[in-house]
Amino acid sequence: MIRRSIASGLGKLSQKMKSDSFVTDMIPILKTLSNDDQDSVRVLCIDSIVLMAKVFTKELNKANIIPILIQMIRDKAWKVRIKISNSYTALADAMGTETTDNSLLNIFTTLLSDPEGEVRLAATQNFTSFLKFVSKVKYPTMIPYCLDLNKDTIPLVRVCSYENTSIIARHLPKDEVKSKLVGSIITNFKTETNNEVKIELIKALSSCGVTLGVEFFTIVTSQDIANLLKEKSWRIRREVYSMITEVSVSTKSNQLFEVHFQDFFLSYLIDPVSQIRLFGNTQLPVSIPYLENT
Amino acid sequence: MSWVSNVLIPRLQKIKSSESSYLRRISIAYLHEKLITHYTKELQGVCVPELINELKNGVANVRLVTLKVLRSIFDKVDESFRQSIKSNCQALMSDSDVDVKQMAQAIMAL
């Protein structure tokens, strides 16, 4: 109980003390408590670490906080690793983009590959907000992790991973999207059984389409789109129609729409589900200005 | 609005001529409403006649939804189209369906 109180209080103390004095006097205590037998003590250390990171300089964070994090992400207790995953965005916010890019990102990828499913889930769920602090030039390094997590055994991990894939796809070079993402997403769709995952998968495909423009159709064939629209779930079909609108509007190409999408899109008019027909009706007026441009 | 006139409207007409389900005709009526709402000047000449055609549909629900759509776009369209809407609604004031009759009367009262 005393050690828990100290672990919890260290963070608050860091707000009051001068950093240099705090580092000299308190960091050794933090290091000891981060190796405590009780995982509840180690969990409380993490909250304190976040508070410390806010007041420390870049150099102090690098010298004192980062080494402790490196050690703690391999903690034997999954609760501790989950706590770190859930605190990661706050840490990135506290430490800034440079430290995030150079240190935190590498550490975080370990959590994305954690053997414990709950840890991977927490890391993937927090990845979306964490990405805001990562420089876009670093996004290509995240591709292998997204590709692995897109095939995770836990459906919710796959859902979150596709959400993250959607975000990074919009900022990747076209070559990376073309060679590494699109083909994998299309292949995964064929074997995916969970509808919620399929919906996010199509959103990720949509992001790829927005980035690639007309080059999208060097990989995604008409047969692929036809297969997507044969899905039994109307929510998945709705997402496909949304993808068609988004990609067409973003490329501002009526030729792209007329050649590749038109017949597929207008098939919404005869879809058996009214929600699809209503949805299509809302999308069409949005698309018309781009279809009328020559 | 060449794409709408040359591609969309013919596609809608084809669906209506081959389509047995009244539900899809209703969806098309709502689409006309959206098109007129967004592009009144450009598309009233194309969409209003299509809607007026549907007032003769054998299914009361189709007639009713069409009247509702015409009521919603009435104030947006030009005077000539308003006259056309009213003259075509007149016959429905004695429609066999009570709801259709009432909606037609509401439009005539505008």
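**Figure 1. Asp95(B) and Arg63(B), a buried pair in chain B.** In this predicted model, both Asp95(B) and Arg63(B) are buried. They form a salt bridge, and the closest N and O atoms sit 2.9 Å apart. The two residues come from distant parts of the chain, 32 residues apart. Asp95(B) belongs to the loop between helix H5 (79-89) and helix H6 (98-108) of chain B, while Arg63(B) is in helix H4 (residues 60-73). Elsewhere in chain B, salt bridges with shared partners tie Lys16(B), Arg25(B), Glu50(B) and Glu54(B) into one network.

**Figure 2. Lys16(B) and Glu50(B), a salt bridge between helices H1 and H3 of chain B.** Here the side chains of Lys16(B) and Glu50(B) meet at 3.0 Å, N to O. This is another link between distant parts of the chain, with 34 residues separating the partners. Lys16(B) lies in helix H1 (residues 2-18), and Glu50(B) in helix H3 (residues 40-54). Are these two charged side chains buried or exposed? Lys16(B) has 8% relative accessibility, so this residue counts as buried. Glu50(B) comes in at 9%, and is therefore buried too.

**Figure 3. Chain B as a whole.** Stepping back from the close-ups, chain B has six helices and zero strands, which gives the order α-α-α-α-α-α from the N terminus on. Its radius of gyration is 13 Å, close to the 13 Å that the globule rule gives for 110 residues, so chain B is as compact as a globular protein of that length. The C-alpha trace spans about 40 × 35 × 15 Å along its principal axes. Of the 110 residues, 46% count as buried. Take the contacts in chain B with a separation of 6 or more: 56% of them are between residues 24 or more positions apart.

**Figure 4. Where chain A touches chain B.** The contact takes 19 residues from chain A and 20 residues from chain B. About 1700 Å² is buried between the two chains, and carbon and sulfur atoms give 66% of that area. How many salt bridges cross the interface? The rule finds one: Asp263(A) with Arg11(B), whose closest N and O atoms are 2.8 Å apart. There are also six residue pairs in polar contact across the interface of chain A and chain B. On the chain A side, the elements giving two or more residues are helix H13 (254-266) and helix H14 (274-292). H14(A) gives the most, with nine residues. By class, this side of chain A has 11 nonpolar, three polar and five charged residues.

**Figure 5. Glu200(A) and Lys203(A), a salt bridge along helix H10 of chain A.** The whole structure holds 21 salt bridges over all chains, and this view shows one within a single helix. The N to O distance between the side chains of Glu200(A) and Lys203(A) is 3.5 Å. The two residues are three apart in H10 (residues 195-212), which means that about one helical turn separates them. Glu200(A) is buried at 12% relative accessible area, whereas Lys203(A) is partly exposed at 35%.

**Figure 6. Asp114(A), in a loop of chain A.** Look for this residue between helix H5 (78-112) and helix H6 (117-130) of chain A. The side chain of Asp114(A) reaches the backbone nitrogen of Glu116(A) at 2.8 Å. Beyond its neighbours within four places in sequence, Asp114(A) is in contact with Arg81(A), Val119(A) and Arg120(A). Why does Asp114(A) count as buried? Because its relative accessibility is 5%, and the cut-off for buried is under 20%.

Notes. Residues numbered from 1 in each chain as written. Chains lettered and ligands numbered in written order. Predicted model: local features only at pLDDT ≥ 70, side-chain atom pairs only at ≥ 80, totals over all residues. Heavy atoms only, no water. Contact = heavy atoms within 4.5 Å. Buried area = accessible area lost by both parts, 1.4 Å probe. Salt bridge = Lys/Arg side-chain N within 4 Å of Asp/Glu carboxyl O. Polar contact = N/O pair within 3.5 Å; in protein donor to acceptor, adjacent residues only side chain to side chain. Helix = DSSP H or I, 4+ residues; strand = E, 2+ residues; numbered from the N terminus. Nonpolar A, V, L, I, M, F, W, Y, C, P; charged D, E, K, R; others polar. Buried < 20%, exposed > 50% of the residue type's maximum accessible area, 1.4 Å probe, protein only. Rg over C-alpha atoms; globule rule 2.2 N^0.38 Å.
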